[in-house]
Amino acid sequence: MAFDGVTIAGIVKELKDQITGNRIYKIAQPEKDELILTIKGSCGQVRLLMSADASLPLIYLTDKNKTSPMTAPNFCMLLRKHLQNARIVSVTQPGLERVVRIELEHLNELGDLCRKYLMIELMGKHSNIIFCDDKNMIIDSIKHISGMVSSVREVLPGREYFIPKTQDKAELLETDQNEIAAVLTAKNMALYKAVYMGFTGLSPCVAHELCYRACVDADKTVDSLSDKELAQIADRLSELAVDIKNENFTPNVVYENNQPKEYAATRLTSYSDANTRMFDTISELLEYYYAEKSTITRIRQRSVDLRKIVQTALERNVKKYDLQLKQLADTNKRETYRIYGELLNTYGYEAQPGASSLEALNYYDNQMLTIPLDPMLSAGENAKKYFEKYQKLKRTHEALTALTAETKAEVEHLSSISTSLDIALREEDLVQIKEELIESGYMKRKGGAKGKQKRERITSKPFHYISSEGYHIYVGKNNYQNEELTFKFATGNDWWFHAKGIPGSHVVVKSNAEELPDSVFEEAGRLAAYYSQARGQEKVEIDYTQKKNVKKPNASKPGFVVYYTNYSLVIDSDISRIEQVED
């Protein structure tokens, strides 16, 4: 995953096709490191988003807008002064550098035609948007970089603009096949590293892909390559260069565990087609990919407080449960004390005064038993002491048995909430989880006006899938949804699935009173495995039964059910081929 030179080459092609010759209608700076240009012309109206954010530098076309601050920043005001209604003359990329150069034509205050340039540098923490004149002098930039910050280049008004060469890399588009082999052999390291360290604009992801296409181990060192293997990787690099020159791009995103993992402007053939989604344009890919990533990141950030509450409570209850089990194990001696007392009542007359023990026949197993005695007490007094110990441990055992069951239920409940937090994809999914934590006493509800406490509005719905045979499958996102699916939505002959013995979602298949094909059971089982604590495992045991066999014990925790008649299957948690429906 990298916004590399190949991706930028694809973006430049789209910009050349769609915005060249059109005019800038509006300029906005919604974030401190971000610009949005609204462009009108033969393309209709589009927006060009440019971000110089250190963690997420981007440039792509979009139809979405963002809210701008009431007072525009200085850089935005400067661009409005010079570039309002400016015509876009050209969009270029120097080699495969992570730089986009937009040439602009406008009339100055005297009515003379002038040329200006926007240089969008997409280089991680060194990203910037720089405004230059026709003599390549910097007018201003969205970030000012002084000599105290960088010894390589100052980015300040009045300084000359240039692209710094901080790494000794070859230009792939200007290198023939023999030169490619020479660049690689000069670097004694793993092949994939030699590829992206040797040539400008290539990411590790693309380097791995080229090694896969060449049928060469990516981790193999360059000096251990045969002449044939070296020629194969050189061929693949040459083919990539030809595709870039011919502007032949294949935007695609690959998934892992149903989440976007990598993207590239060239086809990632090392992944199966089932895990790959194709896009018409790089802009669509980037907008989709980073929206998905942003959603996941935002949900994780929003759920930090909830996760902390759950994790703290879970750790506390696990420690309490372990302690209770140890204490419960200590009460196992109670029956021994009872037998000591009974035997002393039976054979106590044989005990000698001041004796420390008594040998007696245990009539429960016909074995001789040595009973420890307190020499200061009589046999009857020793028997009474053992009966008191027995009664005390018996009461402790009864109390701990109940407490241990409660604590175990609490641990299972908290584990299920933790799994629900992992499943949550939208902010509204967190509302029900928060409500469950409040009702379980782990959080306090915030008071409304005059101290009135209000419940948040619930808008989250279960996941909805369609099986390959057309049957509807529903998956609960949390314990409340699990209960509603199982006991309110499902009917008696619908099928119910759950991962065996671990926290996870209830999965309901609407049977329509029909006999389900085997493929539906497999798909529902995969969903139950995926939406459980066993996500990612190759083999997960799934219990399934008809809904009429599932019961909820009285006073049990949300989402807790029991069933005594069920079938089982073992399956993986890959749901990439199951169609999801957006309700």
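This report describes a helix, a network of salt bridges and a set of paired strands in one structure. The model is predicted, and the values below were computed from its atoms.

**Helix α2 and what covers it**

Helix α2 spans residues 74-83, and within it Phe75, Cys76, Leu78, Leu79, His82 and Leu83 are buried. Viewed down the axis of α2, these buried residues fall within an arc of 160°, so they line one face of the helix. The general geometry of helices is in keeping with such a pattern: an α-helix has 3.6 residues a turn, so residues three or four places apart point the same way. On the other side of α2, by contrast, Asn74 and Lys81 are exposed. The cover over the buried residues of α2 includes the strands β1 (23-31), β2 (34-41) and β6 (99-107), and it also includes β7 (113-121), β8 (128-133) and β9 (138-141). Just after α2, asparagine 85 adopts a positive phi of about 75°.

**A salt-bridge network across β5, β6 and β7**

The count of salt bridges in the model comes to 22. Among the residues involved, Arg87, Glu103, Glu105 and Arg115 are linked in a network, and three pairs within this network are set out in the table.

| Pair | Closest N to O distance |
|---|---|
| Glutamate 105 and arginine 87 | 3.2 Å |
| Glutamate 103 and arginine 115 | 2.3 Å |
| Arginine 115 and glutamate 105 | 3.1 Å |

Glutamate 105 and arginine 87 form a salt bridge, and this pair links distant parts of the chain, since glutamate 105 belongs to strand β6 and arginine 87 to strand β5 (residues 87-92), 18 residues apart. In the salt bridge between glutamate 103 and arginine 115, glutamate 103 lies in β6 and arginine 115 in β7, so the pair ties together parts that are twelve residues apart in sequence. Arginine 115 also forms a salt bridge with glutamate 105, and here the link runs from β7 to β6 between residues ten apart.

How buried or exposed are the members of this network? Glutamate 105 is buried, with a relative accessible area of 13%, and glutamate 103 is buried as well, with a value of 11%; both fall under the 20% limit for buried residues. Arginine 87 is partly exposed at a relative accessible area of 26%, and arginine 115 is partly exposed at 30%.

**Strand β2 and its two partners**

Strand β2, which is part of the cover over α2, has six of its eight residues buried, so it is largely enclosed by the rest of the structure. On one side of the pairing scheme, β1 and β2 run antiparallel and are joined over six bridges, with alanine 28 standing opposite isoleucine 36 of β2. The connection from β1 to β2 is a hairpin that passes through two residues. Strand β2 also pairs with strand β3 (residues 44-51), again in the antiparallel sense, and eight bridges join these two strands. Within this second pairing, threonine 38 has arginine 47 in β3 as its bridge partner.

Methods: Residues are numbered from 1 along each chain as its sequence is written. This is a predicted model: local features need pLDDT of at least 70, side-chain atom pairs count only at pLDDT 80 or more; totals for chains, interfaces and linings use all residues. Side-chain values use heavy atoms; hydrogens and water are left out. Buried means under 20% relative accessible area, exposed over 50%, partly exposed in between (1.4 Å probe, protein chains only). Helices (H or I, at least four residues) and strands (E, at least two) are DSSP runs, numbered from the N terminus. The arc is that of the directions from the helix axis to the C-beta atoms. Contact means heavy atoms within 4.5 Å. A salt bridge is a side-chain nitrogen of Lys or Arg within 4 Å of a carboxyl oxygen of Asp or Glu. Two strands pair if DSSP finds at least two bridges between them.
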